[in-house]
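Subject: Structure for you to look at

Hello,

Please find the structure below. My notes on it come after.

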Amino acid sequence: MTNFKAVVVEDIQVNRLVVLAVKEKENEINIRLAQEGEVPDFLATRAITEDEEVYVTIKNRETWKVEAGADVQAGVPVGTGKDGKIVEALGEDAPPIIGYSINEAHAGEVVSYVRNVKGGGEGVPGPQGPKGDKGADGFPTKEHWNELVGRVETLEG
């Protein structure tokens, strides 16, 4: 578990998704409400106000409890909706998937979801390795072929 100090750039209600924000001040970490379609960095566990200095604590929890922005079924992919709320991530216009719901909830209720934590992308490819030995011609031996034919005849009757 680790923590750091950050300044809140807008009012954030409890149980909302939060992201790091870029602000003009140097040497200051800022956080703000996650916008629709963003992958959240944090979760607000209490209401916080604009310009408040807070300590962000990273606990590496696999599940988060977030307010539903619309009705959410249990066991469906979810994404970030408006105002840092969670919504179902189903259909063509769905937000990027950030996890899946554990329980169902109506809009305004709290839904638990399992976070879909993934790495940071493909990265830089490594150096090319040496070329391997030339393999066999790919054709079975007569003995192997007869064994395969026997198996097929047994299966097909």
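The notes cover a sheet, a pocket and one loop residue.

This is a predicted model, in which local features need pLDDT of at least 70 and side-chain atom pairs count only at pLDDT 80 or more, while totals for chains, interfaces and linings use all residues. Residues are numbered from 1 along each chain as its sequence is written, and side-chain values use heavy atoms, with hydrogens and water left out.

Sheet. Five strands (DSSP E runs of at least two residues, numbered from the N terminus) form an open sheet in the order 6-10-9-7-8, with antiparallel pairing; two strands pair if DSSP finds at least two bridges between them. Strand 6 and strand 8 (86-88) stand at the edges with a single partner strand each, so one side of each has no neighbour in the sheet. Strand 6 and strand 10 are joined by five bridges, and Trp 64 stands opposite Tyr 113 in strand 10.

Loop residue. Glu 52 lies in the loop between strand 4 and strand 5. Beyond its neighbours within four places in sequence, Glu 52 is in contact (heavy atoms within 4.5 Å) with Ala 6, Val 7, Val 8 and Arg 46. Glu 52 and Gly 138 are 86 residues apart in sequence and 68 Å apart in space, C-alpha to C-alpha.

Pocket. The largest pocket (on a 1 Å grid over the protein atoms alone, an open set of points where a 1.4 Å probe fits, with protein on both sides within 12 Å along at least five of seven lines) is lined by 23 residues, lining residues having an atom within 4 Å of a point. Strand 5 gives the largest share of this lining, five residues.

Regards

Note on methods: Helices (H or I, at least four residues) and strands (E, at least two) are DSSP runs, numbered from the N terminus.
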